Amino acid sequence: MAKMFGTPDSSDPKSEHQLFESLSRLPDSWRVFYSVAWQAPRGKYMSDGETDFVLLHKDLGLYIVEVKGGEIRREGSAWSTTNASGSFEIKDPFEQAKVGKYALCDYVAAKSHSGVKPFAGHGVCFPSVEVTREFGPEAPRSIIWDRRDLEDPEAAVERLCKHWNGTSTFNAAEVDSIERALAPTRSAQRRLAHVVEEVVKDIVDLTEQQVRGMSMLRKQRRALITGGAGT
């Protein structure tokens with residue numbers, strides 16, 4: 001069973017749940033990352049992006065997979081999907097996968113010990129339909145997964161790797177480094193000096209409140225004070 005990172009929840013598309021379940025049946029030599037968000041420069045500005053699935057293998061490299069559910073249609077450069085709720089325009093899934101591939105390769109290279117970009121390929125999954133031919137020159141059938149491929153994810157991944165002629169020179173440490181980069185564990189802890197600083201500020205604030213209270217009482221001939229000891 002593949003090592004999985006992240007889990008789709010009830011608000012995520014059914015198509016992503018389907019592919020997640022399928023990829024989880026890959027051999028344990030694979031690491032699968034779900035919904036990897038990233039930032040990368042685009043021209044003069046930083047852009048946000050999100051990759052549906054990232055597959056990592058020590059000997060075969062890094063693969064980006066974009067998922068689109070429903071019935072898929074392409075007319076020229078326009079893409080759309082149709083489901084029970086109607087028809088909707090969508091972004092070009094192959095362009096999305098390609099952009100995510102370059103962004104994540106740059107990020108991984110920056111975080112790795114060697115600084116070398118890993119070998120990477122990309123593909124697109126249409127889990128609701130059967131695909132019999134390519135979707136264009138940039139979308140050959142060999143990098144497309146359909147509903148039949150979900151039944152045998154190992155064969156689907158093998159076909160994708162074969163298309164890209166994927167080979168990798170990752171060692172165990174580099175694989176672990178990429179894993180930490182894509183699924184980091186981080187914490188921001190309070191320092192004792194900061195805790196003391198906050199306590200001192202609270203004491204000063206309370207003292208100032210007491211001073212204001214005493215100043216007000218000096219002008220009153222009678223007052224009723226209630227509260228616990230020390231009020």
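What follows is a chat about how some labels on this predicted model are earned.

Trainee: Let's start with the helices. What makes α2 and α4 oblique to each other?

Mentor: Two packed helices are described by the angle between their axes and the distance between the axes. Here, α2 (residues 93-111) and α4 (residues 172-182) pack at about 120°, with the axes 10 Å apart. Roughly perpendicular covers 65 to 115 degrees, and roughly antiparallel needs over 145. An angle of about 120° fits neither of those ranges, so the pair is called oblique.

Trainee: And which hand does the crossing of α2 and α4 have?

Mentor: That crossing is right-handed. On the α2 side the contact is made by L104, Y107, V108 and K111, and on the α4 side by S177, I178, A181 and L182.

Trainee: How do you know which classes the residues in the contact of α2 with α4 fall into?

Mentor: Go by residue type: Lys counts as charged, Ser falls among the polar ones, and Leu, Tyr, Val, Ile and Ala are nonpolar. That gives six nonpolar, one polar and one charged residues for the contact.

Trainee: On to the strands. Why is T51 called buried?

Mentor: T51, in strand β3 (residues 45-57), has 1% relative accessibility. Buried means under 20%, so T51 gets that label.

Trainee: What makes the T51 and W38 side chains a polar contact?

Mentor: The distance is 3.1 Å, and the cut-off is an N or O pair within 3.5 Å, with one atom able to donate a hydrogen and the other to accept it. Among the residues T51 touches, besides W38, are S35, I64, G100 and L104. L104 also belongs to the α2 side of the helix contact.

Trainee: S35 turned up there. What stands out about the phi of S35?

Mentor: Most residues other than glycine have a negative phi. For S35, phi is near 55°, a positive value in a residue other than glycine. S35 sits in strand β2.

Trainee: Why does S35 count as partly exposed?

Mentor: Its relative accessibility is 35%. Buried needs under 20% and exposed needs over 50%, so S35 lands in between, as partly exposed.

Trainee: How do you know whether V32 is buried or exposed?

Mentor: V32, in β2 (residues 30-42), has 0% relative accessibility, so it counts as buried. Leaving aside neighbours within four places in sequence, V32 contacts residues including A2, F5, L23, L26, F53 and V54.

Trainee: What about S47 and A40: why are they labelled the way they are?

Mentor: S47 of strand β3 has a relative accessible area of 13%, and A40 of strand β2 has 11%. The limit for buried is under 20%, so S47 is buried and A40 is buried. They touch, too: the contacts of A40 are Y45, M46, S47 and A103, not counting residues up to four places away. On the S47 side, with the same kind of exclusion, W38, Q39 and R42 are also among the contacts.

Trainee: Last one. What makes L224 exposed?

Mentor: L224 lies in the segment after α5 (192-217). Its relative accessibility is 76%, and exposed means over 50%, so the label is exposed.

Trainee: How far is L224 from P153 in sequence and in space?

Mentor: They are 71 residues apart in sequence and 78 Å apart in space, C-alpha to C-alpha. For A40 and A229, the values are 189 residues and 59 Å.

Terms used: Residues numbered from 1 in each chain as written. Predicted model: local features only at pLDDT ≥ 70, side-chain atom pairs only at ≥ 80, totals over all residues. Heavy atoms only, no water. Axes fitted to C-alpha atoms, helices over the stretch in contact; angles between N-to-C directions. Helix = DSSP H or I, 4+ residues; strand = E, 2+ residues; numbered from the N terminus. Parallel < 35°, antiparallel > 145°, perpendicular 65-115°, else oblique. Left-handed = near helix turned anticlockwise from the far one by under 90°. Contact = heavy atoms within 4.5 Å. Buried < 20%, exposed > 50% of the residue type's maximum accessible area, 1.4 Å probe, protein only.
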